[in-house]
Every structure is written in C-alpha cells, then in structure tokens.
Amino acid sequence: MFYKLINTIDHIRPFSTAKAHCDVPCGIYDPITAQINALTVVRMMDLMSGLSEGDAKSKTEYHNSMSRYIAVKEDHAEKAKHEIRVIWGDFIKDAHVEKYPELPGLVHKIMQIGSKCRQTTGRDNGLAFVEAINQFAEIFWAIKEMKIKKAKAPYAPGLEMVYPDL
Amino acid sequence: MLKIIKVTGNSLSPFFLSGDFVLVSTSHRQFKNLKEDDLVVFFHPEYGRLIKLITKNYPDSENLKVTGSHEESISSHKLGFIPYSDLIGKVIFHIKQPRSM
C-alpha cells in the first residue's frame, strides 16, 4: 500500500535514484577506437600522396579513388574526435583531472589537430593526431590502473601505439 | 533531513530489488557511528550515485569500505575507500515493492 503510494508519486515527480548495478553505466570505454580512427587518417593521407604521384590511372579513376580517400579521412578524423569526447564526457571525472591536470589541454589539442587533419593533407598533422591520442590512451589506462605496452600497429601505416598490457 | 531515493539495479538483491525505495537520513552527525552492514547512499566519482552495504567504517580517517550483496556487484576493491564527504546518507527505512511468490 505504502509502496504503491510512493511509486505513484515517483511516476508524477521522479525521486533521485541510487544505482545498485554491478557496473554502471556499462563501463565499456576504450581509447583504441579513437586510436584506430587516427591511424586510418594517416593511412588515407599516405594513399592520397601515393595516388597524386602516379599517373597510370585514368582521370576518372583518379578522381574516384581520391574522393574516397578524402571522404574516409574526413569521416575517421571526426570519429576519432567523437570517441575522445565520449570518454572525456562520460568517463573522466573531476578527480581524474585533478590527478592529470594536462588532460583538458590534451583533449582540446586532439580536437584541434583532428580538425587540421580534415582541413589538410599534411602527414605531420596525422602523426601528431595519432601521438596525441596515444598520450590520451596512456592517461586513460593509468586511471584504470592498468599497465601499458607500446607496439607498432600490425598494419599500415604501422605506427607505434599504446595498448593495455593484459 | 530525510530523502526518498529509488533503487535501480540488483547489486543488493535479494534484499533490495530494482524499483524499491529507501528513506535516507542525510544528517552528517551520524557518519562516525555507521557500522558494518549499515546501508549508505553515496556519490562515487566513476560510478555516480550508489547504494551499498558498509563492510568497514574508519572514523579516524573519515572513510568507509562498502560492498554489494550480489556476486556481480562491483568489488569493494574496485570502488576504493568512500570518504565521508561523498556520503549522501544512511538508509533508515526500506519501502519494498510487492514480491512475487
């Protein structure tokens, strides 16, 4: 009876909630998605560079391939930024920023370099993008109290990446 | 001061089910007297507002250790120490939803 009354009030004007979940929210956060997207950006830059140097392809094929590389570069730079924003907004808390005061500046830097990667074709921007996101991954895994290892990605462009040492 | 808070999730099942309500006393004066098996609501920097059982109170350092009662609950090790400053209050009454037999 009393429960019904409280439950009815809750439907009209919801009370605050306290979670007794096993892990909330889902707790699945991993910067690897952003890292792979950033690697893809460098890969597209390399393909674009290779394409512009050759002249074996017909004009139509050239434009077709170039447009696709540009579209993928554009898309993956934005996806990498999105993934970082999700971790920044949903996972990182004030206590983490206090412990790693460089985090806000680093996230802002990733946003800016990501935009630069969309605006330009310079490989240096792509490398800086990967490096900044690797730095973010290092801090992320430190927050999770997990050791990391650095290894070259097993696919082109084969840049050094930060991975959790499982 | 008293607050009504709705429980979500099953970390405290079978005693508390998702959808139950609790009446919480938010008086800070009681925190030093909290004891093992008292239920508290607190804010956790990674998991948000949680309700858990106390496993140990450390009044000198003003910290608590907490746990759930369900095997899938977040371990107290994973939650870490809960400082009094993150406590919202102590559960003083449980408003149960009808249990199916």
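1. A contact here means heavy atoms within 4.5 Å of each other. With that in hand, welcome to the structure, which is a predicted model. A good place to start is helix 3 of chain A, where K73(A), E74(A), A77(A), E78(A), K81(A), I84(A), R85(A) and W88(A) meet residues of helix 5 of chain A. On the helix 5 side, the partners are L103(A), P104(A), V107(A), I110(A), M111(A), G114(A), S115(A), C117(A) and R118(A). Sorted by class, this contact of helix 3 with helix 5 of chain A holds 9 nonpolar, 2 polar and 6 charged residues.

2. How do these two helices lie against each other? The axes of helix 3 and helix 5 (residues 103-119) of chain A are 8 Å apart and make an angle of about 165°. Angles over 145 degrees count as roughly antiparallel, so helix 3 of chain A is roughly antiparallel to helix 5 of chain A. Their crossing is left-handed.

3. Helix 3 of chain A (residues 59-91) also packs with helix 6 of chain A (residues 123-143), here at an angle of about 25° and with the axes 12 Å apart. That angle makes helix 3 of chain A roughly parallel to helix 6 of chain A. This crossing, too, is left-handed. From helix 3 of chain A come A77(A), A80(A), K81(A), I84(A), I87(A) and F91(A), while helix 6 of chain A brings F129(A), I133(A), F136(A), F140(A) and I143(A). By class, the contact of helix 3 with helix 6 of chain A has 10 nonpolar residues, no polar ones and 1 charged residue.

4. One more residue of helix 3 of chain A deserves a look: H76(A). Is H76(A) buried or exposed? Its relative accessible area is 17%, and since buried means under 20%, H76(A) is buried. Leaving aside residues up to four places away in sequence, H76(A) touches N37(A), T40(A) and V41(A).

5. Stepping back to chain A as a whole, you will find 6 helices and 3 strands. Along the sequence they follow the pattern α-β-α-α-α-α-α-β-β. Of the 166 residues in chain A, 38% are buried. Taking contacts in chain A between residues at least 6 apart in sequence, 64% join residues at least 24 apart.

6. Now to the aromatic rings. How many aromatic pairs does the structure hold over all chains? The count is 6. One of them is F140(A) with W141(A): the ring centres are 4.8 Å apart and the planes stand at 85°, so the pair is edge-to-face. Both F140(A) and W141(A) are buried. These two residues also belong to one aromatic cluster with Y29(A) and F91(A). Looking back at point 3, F91(A) and F140(A) are also among the residues in the contact of helix 3 with helix 6 of chain A.

7. Chain B has an aromatic pair to visit as well. F31(B) and Y84(B) are edge-to-face, at 6.0 Å centre to centre and 65° between the planes. F31(B) sits in the loop between strand 2 (21-25) and strand 3 (39-44) of chain B, and Y84(B) in the loop between strand 6 (82-83) and strand 7 (87-95) of chain B, so the pair ties together parts that are 53 residues apart in sequence. F31(B) is buried, with a relative accessible area of 2%. Y84(B) is buried as well, at 7%.

Terms used
Residues are numbered from 1 along each chain as its sequence is written. Chains are lettered from A and ligands numbered from 1 in the order in which they are written. This is a predicted model: local features need pLDDT of at least 70, side-chain atom pairs count only at pLDDT 80 or more; totals for chains, interfaces and linings use all residues. Side-chain values use heavy atoms; hydrogens and water are left out. Axes are lines fitted to C-alpha atoms, for helices over the stretch in contact, and angles run from 0 to 180 degrees between N-to-C directions. Helices (H or I, at least four residues) and strands (E, at least two) are DSSP runs, numbered from the N terminus. Angles under 35 degrees count as roughly parallel, over 145 as roughly antiparallel, 65 to 115 as roughly perpendicular and the rest as oblique. A crossing is left-handed if the near helix is turned anticlockwise from the far one by less than a right angle, and right-handed if clockwise. Ala, Val, Leu, Ile, Met, Phe, Trp, Tyr, Cys and Pro count as nonpolar, Asp, Glu, Lys and Arg as charged, and the others, Gly among them, as polar. Rings of Phe, Tyr and Trp (its six-membered ring) pair if their centres lie within 6.5 Å; planes under 30 degrees apart count as stacked, over 60 as edge-to-face and the rest as tilted. Buried means under 20% relative accessible area, exposed over 50%, partly exposed in between (1.4 Å probe, protein chains only).
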